[in-house]
Amino acid sequence: MPEAPKIVASEVSDESLAEKNKNKLQFIEDVTTNADDVQRRVLEEILSRNADVEYLKRHGLDGRTDRQTFKHVMPVVTYEDIQPEINRIANGDKSQILCSNPISEFLTSSGTSGGERKLMPTIEEELDRRSLLYSLLMPVMNQFVPGLDKGKGMNSGVTSSISLPKALTEKEQQELVDLVDVKLGQEYELVVTTYAGLYRVVDSYFSPKCPKWSPGHKQWGSN
């Protein structure tokens, strides 16, 4: 996978802002040129690092890291399905339940769906990934709103009212596609796997109302 741009808190460098933005945009091009290969390697790394965790063993993955076995063995789940494991971690259980790395913090949802905040376990290195993601936003946005980095801006998001079932049917399981197989004009719902032990979780994680997206609207997603 191409090396990510170096993140320095003060961004002190002889390099101009325009050059920094250019490098970050090139990084995006590098990692999306062959998205299928990047996804495969990232998944293999996640599964290799977490081969001995309780959750993967319970489902019989047995240390295998190939994508086809992973998709065949591991079910697509929702927050409610893994909530008992998350609660164990939150209550102080330090065994390798979902992740081989220690859980360093929990991100929380707003609690607007049903009034109860959902907990998302994260590991220490996730902070670097989030910092990288945020550093890529402005160079992309600045392509469409010139000078945005020199003034003020406001971002807003829209959530649709599409509800998801608690679990996918057998037919829906068969309809899952990889990122490289998405088609323009079609709508998709996101399923994610993270380094912190969320395996094939439907992206209604923070809300039961998950927006559908279409690659025709410059939105991305994966299985």
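Is Arg58 buried, exposed or partly exposed? Arg58 turns out to be partly exposed, with a relative accessible area of 45%. For these words, buried means under 20% relative accessible area, exposed means over 50%, and partly exposed is what lies in between (1.4 Å probe, protein chains only).

Before going on, a word on what you're looking at. This is a predicted model, in which local features need pLDDT of at least 70, side-chain atom pairs count only at pLDDT 80 or more, and totals for chains, interfaces and linings use all residues. Residues are numbered from 1 along each chain as its sequence is written, and side-chain values use heavy atoms, with hydrogens and water left out.

**Salt bridges**

Side chains of opposite charge can pair when their charged atoms come close. The structure holds 14 salt bridges, a salt bridge being a side-chain nitrogen of Lys or Arg within 4 Å of a carboxyl oxygen of Asp or Glu. Here are some of them, with the helix names coming from DSSP runs numbered from the N terminus (H or I, at least four residues, for helices; E, at least two, for strands).

| Pair | Closest N and O atoms | Place |
|---|---|---|
| Arg41 and Asp37 | 3.0 Å | helix H2, 4 residues apart |
| Glu44 and Arg40 | 3.4 Å | helix H2, 4 residues apart |
| Glu54 and Arg58 | 3.0 Å | helix H3, 4 residues apart |

Take Arg41 and Asp37: being 4 residues apart in helix H2, they are separated by about one helical turn. Arg41 is partly exposed at 34% relative accessible area, and Asp37 is partly exposed at 21%. Glu44 and Arg40 also sit about one helical turn from each other in H2. Glu44 is partly exposed, with a value of 26%, and so is Arg40, with 32%.

Back to our opening residue. Arg58 and Glu54 are about one helical turn apart in H3, and Glu54 is partly exposed, with a relative accessible area of 28%. Elsewhere, salt bridges that share partners tie Glu45, Arg49, Glu125, Glu126 and Arg129 into one network.

**The nonpolar core**

The largest nonpolar core has 25 residues. Such a core is a set of buried Ala, Val, Leu, Ile, Met, Phe, Trp, Tyr and Cys residues joined through side-chain atoms within 4.5 Å. Leu47, Tyr55, Leu56, Phe70, Met74, Ile82 and Tyr199 have the most contacts inside it. Helices H2 (35–49), H3 (54–58), H4 (67–73) and H5 (79–90) each supply at least two of its residues. H5 gives the most, with 4 residues.

**Two crossing helices**

How do H1 (residues 17–33) and H6 (residues 126–144) cross? Their axes come within 9 Å and cross at roughly 105°. The axes are lines fitted to C-alpha atoms over the stretch in contact, and angles run from 0 to 180 degrees between N-to-C directions. That makes H1 roughly perpendicular to H6, a label for angles of 65 to 115 degrees (under 35 counts as roughly parallel, over 145 as roughly antiparallel, the rest as oblique).

With contact meaning heavy atoms within 4.5 Å, the H1 side brings in Asn21, Lys24, Leu25, Phe27 and Ile28, which meet H6 residues including Leu132, Leu136 and Val140.

**Two positive phi values**

Asp62 has a phi near 55°, a positive value in a residue other than glycine. Asp62 lies in the loop between H3 and H4 and is exposed, at 60% relative accessible area. Arg200 also has a positive phi, near 55°. Arg200 sits in the loop between strands S3 (191–192) and S4 (201–202), and Arg200 is buried, with a relative accessible area of 1%.
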